[in-house]
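This report walks through selected features of one structure for a reader who has not met it before. The sequence and the model are shown first, and the text follows.

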Amino acid sequence: RLATSSVDKNISILNLSSFQIDFTISNAHHQPIFYINQLFDGNLITCSSDRTIKIWKISLNSYESLATILGHPDSILKVLPLSKNRFCSCSEFGYIKIWNSNPPYDEMIHLKGQSSAVMSAIQLKGRELLVSGSYDQTIKFWNLSTYKNEHTIKGAPCVWRNALIEIDNNRIVSGGPGKVTIVNTITYQIEAVIATDKNIQRIFSMIKLRDDSLLCGCENGWFYQIDMKKYKFKFIKENM
């Protein structure tokens with residue numbers, strides 16, 4: 001099944017066999033839901049502009065609200081499961097909180113270091129490193145054992161929840177306003193900055209395709225594909 005959330009404040013559980021909605025959790029939050037994810041124990045986690053994080057147990061045709069956490073004094077932009085029974089939440093005010101993903105879901109630590117909204121975060125595969133991207137055009141690497149900031153990359157804006165992804169063992173890509181920035185996670189250097197067509201605005205989402213190219217979805221309904229070997233556009237599609 002697939003779980004979706006929306007600015008309509010609802011969560012819907014979609015059956016991928018029948019393409020029918022099994023059930024909907026109406027008014028799951030008081031304000032728009034900004035992100036939904038799944039913890040390693042199978043429970044769902046959501047965050048909202050109402051400043052709360054919620055944990056949900058989803059059964060076959062029903063649900064149970066396990067916890068409501070007053071997470072931040074501002075909008076919570078993304079929640080992400082982490083290794084070792086943890087999850088993190090990204091703040092509009094430029095910081096990250098790390099939480100225990102087991103009851104009572106207590107706060108473990110507060111990571112402060114970016115001067116604008118932390119729009120996204122990812123944990124590098126097989127590594128105890130958390131990467132955060134912000135509107136302040138910095139990417140920060142946080143050691144998840146010491147909770148210290150190991151490296152800061154400047155000049156790499158991240159403008160949306162799914163605009164920061166890991167594409168292989170050595171590189172991440174951050175999407176900004178009209179450009180993508182490729183960062184080497186071994187040398188902590190910017191490898192390339194690829195400017196887009198002037199008509200393309202903020203990059204909202206990115207996925208790596210099977211041919212190793214990068215597909216980017218943009219604010220104005222366009223998407224474009226980048227050849228990651230040559231760092232060049234392959235095609236642009238309008239009005240999606």
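Two strands are said to pair if DSSP finds at least two bridges between them. Strand 1 and strand 2 meet that condition, with antiparallel pairing over 4 bridges. The model described here is a predicted one.

## Two open sheets

Strands 1 and 2 belong to an open sheet of 3 strands, ordered 1-2-3 and paired in the antiparallel sense. Strand 1 (2-5) and strand 3 are the edge strands, each pairing on one side only. On average, neighbouring strands of this sheet are turned by 25° against each other, direction ignored. One bridge can be named by its residues: Thr4 has Ser12 in strand 2 as its bridge partner.

Another open sheet consists of 4 strands in the order 4-5-6-7, with antiparallel pairing. Its edge strands are strand 4 (33-38) and strand 7 (63-70), and each of these pairs on one side only. Here the average turn between neighbouring strands is 20°, direction ignored. Within this sheet, strand 6 (residues 52-58) pairs with strand 7 over 7 bridges in the antiparallel sense. Ile58 has Tyr63 in strand 7 as its bridge partner.

In general, the strands of a sheet pair through backbone hydrogen bonds, either parallel or antiparallel.

## A nonpolar patch

Leu2, Leu16 and Phe19 make a nonpolar surface patch of about 310 Å². Leu16 is located in the loop between strand 2 (11-15) and strand 3 (20-25). Its relative accessibility is 43%, so Leu16 counts as partly exposed, since the partly exposed class runs between 20% and 50%.

## Salt bridges

The structure holds 7 salt bridges. Three of them are listed here with their N to O distances.

| Pair | N to O distance |
|---|---|
| Glu128 and Lys84 | 3.9 Å |
| Glu128 and Arg86 | 2.9 Å |
| Asp168 and Arg171 | 2.8 Å |

Which residues are linked with Glu128 in a network of salt bridges? They are Lys84 and Arg86.

The salt bridge of Glu128 with Lys84 has an N to O distance of 3.9 Å. Glu128 is in the loop between strand 12 (118-123) and strand 13 (129-134), and Lys84 is in the loop between strand 8 (76-82) and strand 9 (86-91), so this pair ties together parts that are 44 residues apart in sequence. In the salt bridge of Glu128 with Arg86, the closest N and O atoms are 2.9 Å apart. That pair also links distant parts of the chain, 42 residues apart, with Arg86 placed in strand 9.

The network members fall into several exposure classes. Lys84 is exposed, with a relative accessible area of 60%. Glu128 is partly exposed at 23%. Arg86, at 4% relative accessibility, counts as buried, because buried means under 20%.

The pair of Asp168 and Arg171 joins a partly exposed residue to a buried one: Asp168 has a relative accessible area of 24%, and Arg171 has one of 16%.

As a general point, side chains of opposite charge can pair when their charged atoms come close.

## A buried methionine

Is Met206 buried or exposed? Met206 is buried, because its relative accessible area is 4% and the buried class lies under 20%. Met206 is part of strand 20 (residues 203-208). Beyond its neighbours within four places in sequence, Met206 is in contact with several residues, among them Asn162, Ile165, Val173, Val180 and Leu215. The C-alpha atoms of Met206 and Gln225 are 9.6 Å apart in space, and the two residues are 19 apart in sequence.

## Backbone details in loops

The peptide bond from Pro103 to Pro104 is cis, with omega near 10°. Pro104 is found in the loop between strand 10 (95-100) and strand 11 (107-112).

Arg51 is not a glycine, yet its phi is positive, at about 75°. Arg51 sits in the loop between strand 5 (44-48) and strand 6, and Arg51 is partly exposed, with a relative accessible area of 40%.

Asp212, also a residue other than glycine, has a positive phi near 70°. The loop that holds Asp212 runs between strand 20 and strand 21 (214-218). Asp212 is partly exposed, with a relative accessible area of 37%.

Technical notes. Residues numbered from 1 in each chain as written. Predicted model: local features only at pLDDT ≥ 70, side-chain atom pairs only at ≥ 80, totals over all residues. Heavy atoms only, no water. Buried < 20%, exposed > 50% of the residue type's maximum accessible area, 1.4 Å probe, protein only. Contact = heavy atoms within 4.5 Å. Patch = residues over 30% accessible without salt bridge, like charges linked within 9 Å, V, L, I, M, F, W, Y side chains within 5 Å. Areas by Shrake-Rupley, 256 points an atom, 1.4 Å probe, with all protein chains shown as cover. Salt bridge = Lys/Arg side-chain N within 4 Å of Asp/Glu carboxyl O. Axes fitted to C-alpha atoms, helices over the stretch in contact; angles between N-to-C directions.
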